[in-house]
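I opened the notebook to look up strands, loops and one surface patch. The entries follow in the order I checked them.

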Amino acid sequence: MGQETLSSLRASNLAHLLAISGLHMGLLTGFVFVACRLGLSLCPPVALRLPVRKVAAVLALCAATLYLLLSGGNVATERAFVMVSVMLGAVLIDRRAISLRAVAVAAVIVLVLRPESLLSPGFQMSFAATTALVAVFGALREVGPLPGPNWLKPVVGVVMSSAIAGLATAPIGAAHFNTMSHYGLLANLLSVPVMGLLVVPSAVVAAFLAPFGLEALALTVMGWALHWILTVSDWVSNLEGAQGFVVSPPWYILPLVAFGALWMALWQGHARRAGAVPVVLAFLLWNSGHRPDVLIAENGGLVGVMTDKGRALSKSKGSGFVAGVWLENDGDGVDQIEAALRWPDGSIVQRYPLKDYEIIHITGKRAARAFDECRDNQIIISAVALALQGPCGVFDPERLYETGSLSVSNGKLTSSADMTGHRLWSPKPAGDRHSKQAQ
């Protein structure tokens, strides 16, 4: 799959269709469960003698297990498998399959197996969407059936499901990926039903037909459906203003949103409305965080200075991953080449004057040999070793090896070593003299 297609799927909020996670596992097991239950029910001797619903649940669980093994068993697929297993297990013991209790049990199992997944966007988005859907439709079930004719109710259900899941996952996606798809709901409404009604069923049918050499029949239908999804992705991503960019929020924003949302989902009575207060407060405080004035890559190969027009990068090529992360966290939609045009000095010794000090970036040996300044108001970053004497702050490869990447905010220098500390998995580097100077 080309990079252009991937970018289109991300801009249209359809990239989740590529991940073998909750959506795929849910659609697969749901289709197998319904197909097996209907098939067994059409055979009266079987339907009258066996608990068809439980047999279908066992067969769906077998399909989910096979899918887990075929997919390679990554973290997202394991998490989806646990959630599906809990729900199918509830069917086997005559409990409600879709409930907040089942979601909580699945979350506990996942966290016991992989506690580090709590901080991953996949875990947060999966359980946010699932919890929101179960809570909202559970509340609607207590109110009564949806108004309108029966033929319209499935359409209303699909629209509501996409809207609820999109609203629940939007803050998490914006916080982790710094983007918002303004027409993501439209793209999902046009694509997810096709995924559930054609793509996944065609894949299952193709698997059954493959031993007979007839899988091309189902794969052709699957291809038509996938072509439709890619067409929707291209159309939505090319709409004006399809994708927006947001700055990374402070660390407490997502916990505040989660607290408020869980309050509204779990609390009973009119007091549940109070959960909206922390959610609204979180969105008001989203932009209260401060992005560093200066960022320095751990190898000294790239420097980024925040300006009125966005972050200026010292190089248009090299350290592309680092540059992309910096710009994403700034909520800046430009690429490295455009960000490098904001840097005023294009000489071999690149300078950026700030209010109280000057940033100097040196990337080549020739520039390092020609440079001999060292004043107390200079921060000098070099990708090659320097031999300077004076009061300036020098960060060459030897010193950056000890400090890691650096940031400067309001004149205060912070290293990644300061943030991570010295633990068993990040031991204190040798030559602590330079580390102390950096602090």
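Which residues point one way from β7, and which the other way? I noted first that this is a predicted model. Glu358, Ile360 and Ile362 point one way, while Ile359 and His361 point the other way. I checked their exposure too, and all are buried. Buried here means under 20% relative accessible area. Five of the five residues of β7 are buried, so this strand is largely enclosed by the rest of the structure.

**Entry: the sheet around β7**

I looked up the sheet next. Four strands form an open sheet, in the order β6-β7-β8-β9. The pairing is mixed. At the edges I found β6 (349–353) and β9 (393–395), each pairing on one side only. Neighbouring strands of this sheet are turned by 15° against each other on average, direction ignored.

I then took the β7 pairings one by one. With β6, β7 pairs in the antiparallel sense, over five bridges. A hairpin of four residues makes the connection from β6 to β7. I looked for the partner of arginine 351 and found isoleucine 360 in β7.

On β8, isoleucine 380 stands opposite isoleucine 360. From β7 the chain crosses through helix α15 (residues 365–370) to β8, and I recorded this β-α-β crossover as right-handed. β7 (residues 358–362) and β8 (residues 378–382) pair in the parallel sense, again through bridges, five of them. I also noted isoleucine 362 opposite serine 382 in β8.

A reminder to myself: strands of a sheet pair through backbone hydrogen bonds, either parallel or antiparallel.

**Entry: the five-stranded sheet**

In what order do the five strands of the open sheet with antiparallel pairing run? I read the order as β5-β4-β3-β10-β11. β5 and β11 (412–415) stand at the edges with a single partner strand each, so one side of each is left without a neighbour in the sheet. The average turn between neighbouring strands of this sheet is 20°, direction ignored.

I picked one pair for a closer look. Strand β10 (residues 406–409) and β11 pair in the antiparallel sense over four bridges. Within β11, threonine 414 stands opposite serine 407.

**Entry: positive phi in the loops**

Most residues other than glycine have a negative phi. I wrote down two residues with a positive value.

Asparagine 13 has a phi near 65° and is not a glycine. I placed asparagine 13 in the loop between α1 (3–11) and α2 (22–41). Asparagine 13 is partly exposed, at a relative accessible area of 36%.

Serine 319 has a positive phi of about 55°, although it is not a glycine. I found serine 319 in the loop between β5 (310–313) and α13 (320–330). Its relative accessible area is 23%, and I logged serine 319 as partly exposed.

**Entry: a surface patch**

Which residues form a nonpolar patch on the surface? I listed Trp151, Leu152, Val155 and Val159. Together they have about 390 Å² of accessible area.

I followed up on valine 159. This valine sits in helix α8 (residues 153–177). Valine 159 is partly exposed, with a relative accessible area of 36%. Residues in such a patch need over 30% relative accessible area, so valine 159 at 36% passes that cut-off.

Terms used:
Residues are numbered from 1 along each chain as its sequence is written. This is a predicted model: local features need pLDDT of at least 70, side-chain atom pairs count only at pLDDT 80 or more; totals for chains, interfaces and linings use all residues. Side-chain values use heavy atoms; hydrogens and water are left out. Patches are made of residues with over 30% relative accessible area and no salt bridge: like charges are joined within 9 Å, nonpolar side chains (Val, Leu, Ile, Met, Phe, Trp, Tyr) within 5 Å. Accessible areas come from the Shrake-Rupley method with a 1.4 Å probe; for residues, only the protein chains shown count as cover. A salt bridge is a side-chain nitrogen of Lys or Arg within 4 Å of a carboxyl oxygen of Asp or Glu. Buried means under 20% relative accessible area, exposed over 50%, partly exposed in between (1.4 Å probe, protein chains only). Two strands pair if DSSP finds at least two bridges between them. Axes are lines fitted to C-alpha atoms, for helices over the stretch in contact, and angles run from 0 to 180 degrees between N-to-C directions. A crossover is right-handed if, with the strands pointing away from the viewer, the path from the first strand over the helix to the second runs clockwise.
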